[in-house]
Amino acid sequence: MSGADQPPRRRLRVGAVAVALTATLVLLCCGGGTSAFFLTNLGGDEEKTVAATQDCGLNHQVKVTGDMPRMSAYGKSQLRNAAVIIKVGQYMKVPPRGWVVAVATAMQESGLRNLANSTVAGSRDIPNEGIGADHDSLGLFQQRASWGSVAQRMSPDYAARKFYEKLLEIDGWERLPLTRAAQKVQVSAYPDAYAKHEELAGQIVNALAGGAARTVRIANKVVCDSASATMIAASGWTAPIPGGVGSGFRTASRPRHNGVDIGAPKGTTRIHAASTGRVLVARCDPDRRGRLDCDVDGFPGKGGCGWFVDILHAGGYITRYCHMVEKPLVVPGQLVKAGEVIGRVGSSGNSSGPHLHFEVHLDGDRGWQGATDPVPFMRQRGAPLEGTA
């Protein structure tokens, strides 16, 4: 058991630029408290129109002609460019994580448009989808003169191939946060800007490539819906701990239970960040009597999340991890990678035994209204909570 019914909290807006916010926040499953924290540009607009396909596999034939999925943020020509990027990645046998990185990079650099340049002679004579003026940069990835001729850089196929060639030269690129992997290729003046596109890039890859963003490489094989702990799906997500869900989300018996409980041994089970993000809160949550005694096991009815962490992710998602055995291993404001250890399973706070209480919130809303069922959410990202698929 974890958590106690609490009234909804005020919604927290997450922007694309750094902003310091101080707010009085009452914890969803636990007690209350006042908390100040610092947010960065990990937020971004979530695509509402296209849902992840129910299929998942690597043999899907990506189409670059004909009908394209309908998306509010991008038109048909832009999605065709994304399809070209993915198809080149398939041909080069780049793992699907690379497709997500490449699509997100092109989203940031050109808005998935093949751009000419007003200062580059001859570029406007080549079929294009807009005119840029950033130095001598051209094409989907805004590649400069050292990347190739004008005609080459204006070719989506060539531009995608050059991006992947550089990406594959980076040691351990699959385990890097998307923004770091992209920056090592692009050497951009805005190195943190890529992160906000990760969520939508994964949705685009799923829509165009048969759910490929839900895959993970295990023992040099690419498999679907198996990302856990340090194994990260192409979407950039992973299940925080192994184990099956016990108490579920807002059940008939617990309608105010805004997450799921995953049983695990106390102290020895590491809790991993479900995706790259910025730590919002990492502290002891007061119980119903206002006590900060998270270093002892809790009990049903005590109130409070115990030691807990909230993390803000791209797309405005927030994940919560409650009842840790000791002080979290991270601090507010810290950037954590997907799969990074943030604490250990315990039974502090409103708890009847060792487990992880795990929540997912949408649109930067840490309150009751923002909570969503973590089971389908994580499954759609290729990181199902074991025993729930």
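The protein chain of this predicted model comprises seven helices and 15 strands. Colour the chain by secondary structure to begin. Of its 389 residues, 56% count as buried. Among contacts between residues at least 6 apart in sequence, 63% join residues that are at least 24 apart.

**Stop 1: helix α1**

Select residues 76-91, which make up helix α1. This helix has 16 residues, and the distance from its first C-alpha to its last is 22 Å, close to the 22 Å expected at 1.5 Å a residue. Next, show the side chains of Gln78, Leu79, Asn81, Ala82, Ala83, Val84, Ile85, Ile86, Val88 and Gly89, which are buried in α1. To see what covers these buried residues, add α2 (96-110), α4 (156-168) and α6 (198-208), which are included in that cover. Following α1, select Lys93, whose phi is positive, near 60 degrees.

**Stop 2: the largest nonpolar core**

Keep the helices on display and add α5 (178-186). The largest nonpolar core has 46 residues, and α1, α2, α4, α5 and α6 each supply at least two of them. Which helix gives the largest share of this core? It is α2, with eight residues.

Within the core, select Ile85, Phe141, Tyr164, Leu167, Ile204 and Val205, which touch the most other members. Then centre the view on Ile204. Leaving aside residues up to four places away in sequence, Ile204 touches Met71, Tyr74, Leu79, Ala82, Val103, Met107 and Leu112. Two of these contacts lead back to the first stop: Leu79 and Ala82 are among the buried residues of α1.

**Stop 3: an aromatic cluster**

The structure has six aromatic pairs. Select Phe141 and Phe163, one of these pairs, which is stacked, with 4.9 Å centre to centre and 15 degrees between the planes. The two rings come from distant parts of the chain: Phe141 lies in the loop between β4 (131-132) and α3 (150-153), whereas Phe163 lies in helix α4, 22 residues apart. Are these two residues buried or exposed? Phe141 is buried, with a relative accessible area of 0%, and Phe163 likewise counts as buried at 0%.

Now add Tyr164. Phe163 and Tyr164 form an edge-to-face pair, at 6.1 Å centre to centre and with 75 degrees between the planes. Tyr164 is also buried, its relative accessible area being 0%. Ring pairs thus link Phe141, Phe163 and Tyr164 into a cluster. Phe141 and Tyr164 were already met in the largest nonpolar core.

**Stop 4: charges over tryptophan rings**

Select Lys166 and Trp147. The charged end of Lys166 sits over the ring of Trp147, 5.6 Å from its centre. Move then to Arg381 and Trp237, where Arg381 lies over the face of Trp237 at 6.0 Å from the ring centre.

**Stop 5: a second core**

Select Ala227, Ile311, Val345 and Val375. These residues are included in a second, separate core of 36 residues.

**Stop 6: the disulfides**

How many disulfides does the structure hold? There are two. Begin with Cys284 and Cys294, whose sulfur atoms are 2.0 Å apart. This link is right-handed, with 80 degrees about the S-S bond. Cys284 is in strand β9 (residues 277-284), and Cys294 is in the loop between β9 and β10 (307-313), ten residues apart. Both ends are buried: Cys284 has a relative accessible area of 11%, and Cys294 has a relative accessibility of 4%.

Continue to Cys305 and Cys322, joined by a disulfide with an S to S distance of 2.3 Å. The link of Cys305 and Cys322 is also right-handed, with 55 degrees about the S-S bond. Because Cys305 lies in the loop between β9 and β10 and Cys322 in strand β11 (residues 318-324), the pair ties together parts that are 17 residues apart in sequence. Cys305 is buried at a relative accessible area of 0%, and Cys322 counts as buried at 1% relative accessibility.

With Cys294 and Cys305 both selected, the loop between β9 and β10 can be seen to carry a cysteine of each disulfide.

Conventions:
Residues are numbered from 1 along each chain as its sequence is written. This is a predicted model: local features need pLDDT of at least 70, side-chain atom pairs count only at pLDDT 80 or more; totals for chains, interfaces and linings use all residues. Side-chain values use heavy atoms; hydrogens and water are left out. A disulfide is a pair of cysteine sulfur atoms within 2.5 Å. Helices (H or I, at least four residues) and strands (E, at least two) are DSSP runs, numbered from the N terminus. Buried means under 20% relative accessible area, exposed over 50%, partly exposed in between (1.4 Å probe, protein chains only). The expected span of a helix is 1.5 Å times one less than its number of residues. Contact means heavy atoms within 4.5 Å. Rings of Phe, Tyr and Trp (its six-membered ring) pair if their centres lie within 6.5 Å; planes under 30 degrees apart count as stacked, over 60 as edge-to-face and the rest as tilted. A charge sits over a ring if NZ of Lys or CZ of Arg is within 6 Å of the ring centre and within 35 degrees of the ring normal. A nonpolar core is a set of buried Ala, Val, Leu, Ile, Met, Phe, Trp, Tyr and Cys residues joined through side-chain atoms within 4.5 Å.
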